[in-house]
Amino acid sequence: MILESELVEKLKSDTNIDSAFKELVSLYKERLYWHIRHIVKSHDDADDVLQNTFIKVYKNIGNFKGESKLFSWMYRIATNEAITFINKNAKRLQITNEETQTIAINNLAADVYFEGEAIQLKLQKAIATLPQKQQLVFNMKYFEDLKFKDMSDILETSEGALKASYHIAVKKIQDYLTNN
Amino acid sequence: MKKNSLKNIESGFKVPKDYFENFEDRLLSELALKETASHSGFKLPADYFESLDNKILDAVKNDHKTKVINLFSFRKIAYAAAVAASLILIYNISYNKNEGLNINNIETASIENYILTEGLETSDIASLFSDEDLSEITSVKNTISSESLENYVLENLDIDELITNND
């Protein structure tokens with residue numbers, strides 16, 4: 001596998017950018033897709049946001065300073081794009097972000113790309129009760145299986161705070177599942 | 001025991017407060033949750049990731065093309081905005097011209113105020129009237145009943161004044 005520094009070098013050069021970008025897409029598409037999907041919930045929306053994310057990455061790779069890892073830089077762009085997407089939707093429909101999310105979750109029941117088991121739907125509803133940052137932390141750890149160290153880079157929060165936040169999230173979800 | 005605690009001090013390792021007290025709780029709550037729902041339930045269209053690479057590369061290329069169109073439409077918008085702005089300007093100028101100073105569009109209160117503060121004499125006002133206006137006023141006078149005229153004269157006028165005016 002190609003080293004991240006080499007890939008960045010190639011991405012910044014005019015001659016190799018296309019082949020390097022292809023490599024970048026195939027390397028990160030799945031991880032970024034799932035990251036986005038857990039935020040926006042529907043497959044079609046995730047597909048849109050993922051494409052926008054890669055367009056942003058392609059456009060801004062020249063500004064990538066290398067202070068953080070390419071990996072966390074891309075995750076940060078994906079997170080921002082997904083949250084901006086939710087905010088835009090909320091603004092368009094003139095409702096709050098939380099309401100947009102409730103709508104997205106209610107739509108899941110009829111979504112062909114969602115397994116219609118009651119427990120999964122309940123789990124999504126439980127996640128939606130958490131504050132936005134806690135949702136991110138929970139999804140990134142529970143479903144995406146990211147390391148706290150990497151999450152700390154992406155979310156620019158200390159590992160300790162993330163661990164505490166995750167633990168609280170797990171508790172709250174468990175409580176929700178037993179009470180509902 | 002003493003030896004053990006001595007060893008602990010030597011190693012310098014510390015654990016967060018209540019780490020061991022909460023350990024089971026932390027471990028078990030996550031395990032329990034994973035037991036109830038280990039996966040998200042999200043599914044994908046068949047072969048989604050296989051065709052994704054080309055889709056993204058196309059999107060990136062198209063975005064570059066749109067960029068050029070964007071610049072062009074920006075120019076169009078700029079032209080349209082310039083035309084609109086000049087139309088508004090012309091409209092404003094001609095509208096302002098039409099709105100000349102006219103007795104009809106001055107508030108009565110302002111006129112009243114002007115007369116009071118500028119100390120206009122009755123003769124000044126009289127000079128503003130033409131003969132026609134005066135005859136109109138005369139005709140108005142005729143409509144006043146003799147009774148009210150009599151009352152007015154009795155209440156407001158000095159009989160001496162009337163005599164002098166008759167000279």
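**View 1. The second largest pocket has a mixed lining of eight nonpolar, five polar and three charged residues.** The model shown here and in the other views is predicted. This pocket has a volume of about 250 Å³. Its lining counts 16 residues, and the closest to the pocket centre are Val40(A), Asp45(A), Asn89(A), Thr100(A) and Ala104(A). Three elements of chain A each give two or more residues to this lining: α2 (17-40), α4 (70-93) and α5 (97-108). The largest share, six residues, comes from α5(A).

**View 2. The largest pocket has a volume of about 590 Å³.** Twenty residues line this pocket, and the closest to its centre are Phe148(A), Lys163(A), His167(A), Tyr19(B) and Arg26(B). Two helices give two or more residues each: α9 (159-179) of chain A and α2 (19-36) of chain B. The largest share of the lining is the eight residues from α2(B). By class, 10 lining residues are nonpolar, four are polar and six are charged.

**View 3. Phe21(A) and Phe54(A) form one of the 15 aromatic pairs counted over all chains.** Their ring centres are 6.2 Å apart. The ring planes meet at 85°, and planes over 60 degrees apart count as edge-to-face, so this pair is edge-to-face. The two partners link distant parts of the chain, 33 residues apart. Phe21(A) is in helix α2 of chain A, and Phe54(A) is in helix α3 (residues 43-60) of chain A. Phe21(A) has a relative accessible area of 2%, so this residue is buried. Phe54(A) is buried too, at 0%.

**View 4. Phe138(A) and Tyr142(A) are a stacked pair.** The ring centres lie 4.7 Å apart. The planes are at 15°, and the cut-off for stacking is under 30 degrees, so the pair counts as stacked. Both residues belong to helix α7 (residues 132-142) of chain A. They are four residues apart, so about one helical turn separates them. Phe138(A) is buried, with a relative accessible area of 0%. Tyr142(A) is buried as well, at 3%.

**View 5. Five aromatic residues form one cluster: Phe138(A), Tyr142(A), Phe143(A), Phe148(A) and Tyr166(A).** Lysines place charges over two of these rings. The charged end of Lys141(A) sits over the ring of Phe148(A), 4.8 Å from the ring centre. Lys34(B) comes from the other chain, and its charged end sits over the ring of Tyr142(A), 4.9 Å from the ring centre. Phe148(A) also appears in View 2, among the residues closest to the centre of the largest pocket.

Conventions. Residues are numbered from 1 along each chain as its sequence is written. Chains are lettered from A and ligands numbered from 1 in the order in which they are written. This is a predicted model: local features need pLDDT of at least 70, side-chain atom pairs count only at pLDDT 80 or more; totals for chains, interfaces and linings use all residues. Side-chain values use heavy atoms; hydrogens and water are left out. On a 1 Å grid over the protein atoms alone, a cavity is a set of points where a 1.4 Å probe fits but cannot get out, and a pocket is an open set with protein on both sides within 12 Å along at least five of seven lines; lining residues have an atom within 4 Å of a point. Grid points are joined across faces, edges and corners, and a volume is the space filled by probe spheres set on the points. Ala, Val, Leu, Ile, Met, Phe, Trp, Tyr, Cys and Pro count as nonpolar, Asp, Glu, Lys and Arg as charged, and the others, Gly among them, as polar. Rings of Phe, Tyr and Trp (its six-membered ring) pair if their centres lie within 6.5 Å; planes under 30 degrees apart count as stacked, over 60 as edge-to-face and the rest as tilted. Buried means under 20% relative accessible area, exposed over 50%, partly exposed in between (1.4 Å probe, protein chains only). A charge sits over a ring if NZ of Lys or CZ of Arg is within 6 Å of the ring centre and within 35 degrees of the ring normal.
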